[in-house]
Amino acid sequence: MSREDPRYAGSRWDKLARWRRGEYDPTAGRLELREPDFAPRDELQKLRKYAAQTERDDRYELGLDTRLRGFRRVYLAAAGLLAVFLAALLLVTVSWLPQFGDYTAPEHNEVARRYIEQGLEETGAVNIVAGMILDYRAFDTFGESCVLFIAVCCVLMLLRVDKEEDPHSMAAEDMSDRYFEPHREVILQMAARVLVPVSLVLGIYVVLNGHISPGGGFSGGAIIGTGLVLYLTAFGFERTGRFMNETTVKLLTVSALTFYCFAKSYSFYTGANHLSSFITPGVPGAILSGGLIVYLNICVGVVVACTMYCFYVMFRKGGF
Amino acid sequence: MGSSILTNFEEIASVLLFVIGMIDLLVQPNLVKKIIGLDIMDSAVYLFLAAKGYIAGRAAPIVTDGILDAAHYINPIPAGLVLTGIVVSVSVSAVMMALTICLYREYHTLNLDEIMMLLRRREADETLRLSGRNGEGTPS
């Protein structure tokens with residue numbers, strides 16, 4: 001249908017084109033807020049306040065600002081150009097890199113050779129990556145654990161609902177949690193009964209065997225954290241609050257980080273000064289081998305599991 | 001153009017993923033989609049590192065059968081670097097999500113353009129109010 005056609009004005013295409021240009025709002029005057037009939041009064045008031053706020057802000061008007069639309073067009077063009085330029089630059093760089101899987105590439109140098117050839121003897125870890133990150137580069141991993149801890153602290157600061165200051169909002173969060181999240185679902189609870197023990201045991205296995213097989217503190221801790229989150233989703237905060245509350249999480253994380261710091265400081269101090277140390281690599285392949293690696297893996301696993309759990313709790317409820 | 005453009009498929013894929021993530025980060029006005037774009041960029045970097053550590057025909061760096069020959073295993077260093085990257089990206093994503101929630105609570109939108117416009121409008125209202133001509137401006 002051409003634009004000169006008298007039937008064009010008011011047709012679907014015309015509306016689409018005007019909507020695209022930002023002149024027509026298909027929802028104007030037709031927006032309806034459906035109020036859930038089961039929500040408590042506080043929730044309804046919150047929803048109404050939000051609807052009134054949205055109307056007063058007049059969000060739709062924002063899209064009509066011609067300056068903004070012009071800027072947006074220029075911005076999109078600039079972003080596209082930048083992306084094409086970056087893609088071309090990186091592709092040219094990739095084309096000069098050594099071939100994929102080439103053993104003569106410069107990054108396979110004496111450092112990697114030394115880790116592989118001396119690693120088992122010096123660290124006692126069969127898993128060379130575990131020996132590398134928890135023995136040669138253990139302070140790096142300590143820094144990673146501290147980054148996780150700091151991230152938890154930041155999320156806690158940003159999302160925390162203060163109980164003393166605002167007891168109502170804490171109760172309101174609890175209520176909305178109950179109304180808008182799955183709660184006491186039979187299917188979920190049955191699945192959790194089967195899956196939570198399995199994932200916890202698998203996580204502990206992966207942590208404890210980190211120096212013998214693929215895995216380690218980070219992956220095992222993530223599995224344990226997922227199990228805890230599943231348990232929390234299925235059974236609610238009353239059940240998990242008994243063993244995972246704020247004090248437990250703080251105590252576990254801080255003591256794991258402190259133990260890591262002191263144990264590895266001792267090991268580095270004695271190693272660098274050629275002093276005799278009671279930490280020995282042990283028999284490669286045994287569960288209690290690899291010197292400190294098992295204990296450091298446990299520390300990292302505890303930190304990661306607490307971090308995962310804490311993130312979930314904070315994002316869902318804003319407090320333990 | 002170098003000669004290995006036809007063999008480095010993994011690196012090319014990671015470059016394309018990186019660029020897709022960056023376009024996502026630049027173009028999407030939605031804050032959650034921006035965070036997803038940053039995570040795509042992170043994944044591209046992990047793919048690149050993992051591809052660089054690979055050596056054709058060799059085993060994963062876990063000592064098997066007591067073989068301690070460097071010619072038998074791939075490079076273990078990129079694996080450790082990827083681990084560092086994953087941890088940092090998880091932390092950064094979580095902090096960004098928390099900040100996004102704070103912004104949403106304040107402005108009731110995730111659209112960055114809308115947030116900027118609302119902020120500007122509120123500032124204008126504030127100046128109006130301060131200059132004593134509150135009667136005409138609508139308080140927000």
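Chain B, in this predicted model, has 4 helices and 0 strands. Read from the N terminus, its elements go α-α-α-α. How spread out is chain B, set against a compact globule? The radius of gyration is 24 Å, and the globule rule gives 14 Å for 140 residues; the value for chain B is well over that, so chain B is more spread out than a compact globule. The extents of the C-alpha trace go with that: along the principal axes of chain B they are about 85 × 35 × 20 Å.

Two more numbers on chain B before I split it up. Of its 140 residues, 27% count as buried. If you take the contacts between residues at least 6 apart in sequence, 49% of them join residues at least 24 apart.

Now the domains. Chain B is divided into domain 1, residues 3-108, and domain 2, residues 110-140. Their C-alpha centres are 41 Å apart. The two domains do touch: 8 residues of domain 1 of chain B are in contact with 6 residues of domain 2 of chain B. Which elements of domain 1 give two or more residues to that contact? They are helix H2 (31-53) and helix H3 (77-107) of chain B. H3(B) gives the most, with 4 residues. By class, the domain 1 side that touches domain 2 of chain B comprises 6 nonpolar residues, 2 polar ones and no charged ones.

Next, the contact between the chains. Here 50 residues of chain B are in contact with 55 residues of chain A. On the chain B side, at least two residues each come from helix H1 (9-27), H2, H3 and helix H4 (112-130). Which helix has the largest share? Again I come to H3(B), which supplies 15 residues of the side that touches chain A. So H3(B) is the top contributor twice: to the side of domain 1 of chain B that touches domain 2 of chain B, and to the side of chain B that touches chain A. The classes on the chain B side that touches chain A are 35 nonpolar, 10 polar and 5 charged. Charged residues do appear on this side, 5 of them, while the domain 1 side that touches domain 2 of chain B has no charged residues.

Over to chain A. Its secondary structure is 13 helices and 0 strands. From the N terminus the order is α-α-α-α-α-α-α-α-α-α-α-α-α. Chain A has 320 residues, and 26% of them count as buried. For contacts between residues at least 6 apart in sequence, 71% in chain A join residues at least 24 apart; in chain B that figure is 49%.

I'll finish with one helix pair in chain A. Two packed helices are described by the angle between their axes and the distance between the axes. The pair is helix H6 (residues 128-136) of chain A and helix H13 (residues 293-316) of chain A; their axes come within 10 Å and cross at roughly 85°. That angle makes H6(A) roughly perpendicular to H13(A). Which residues make the contact? From H6(A) they are Ala130(A), Gly131(A), Leu134(A) and Asp135(A), and from H13(A) they are Ile293(A), Leu296(A) and Asn297(A). By class, the contact of H6(A) with H13(A) has 4 nonpolar, 2 polar and 1 charged residues.

How values were computed. Residues numbered from 1 in each chain as written. Chains lettered and ligands numbered in written order. Predicted model: local features only at pLDDT ≥ 70, side-chain atom pairs only at ≥ 80, totals over all residues. Axes fitted to C-alpha atoms, helices over the stretch in contact; angles between N-to-C directions. Parallel < 35°, antiparallel > 145°, perpendicular 65-115°, else oblique. Contact = placed C-beta atoms within 7 Å. Nonpolar A, V, L, I, M, F, W, Y, C, P; charged D, E, K, R; others polar. Domains from an automatic or database assignment. Buried ≥ 20, exposed ≤ 12 C-beta atoms within 10 Å, placed from the backbone. Rg over C-alpha atoms; globule rule 2.2 N^0.38 Å.
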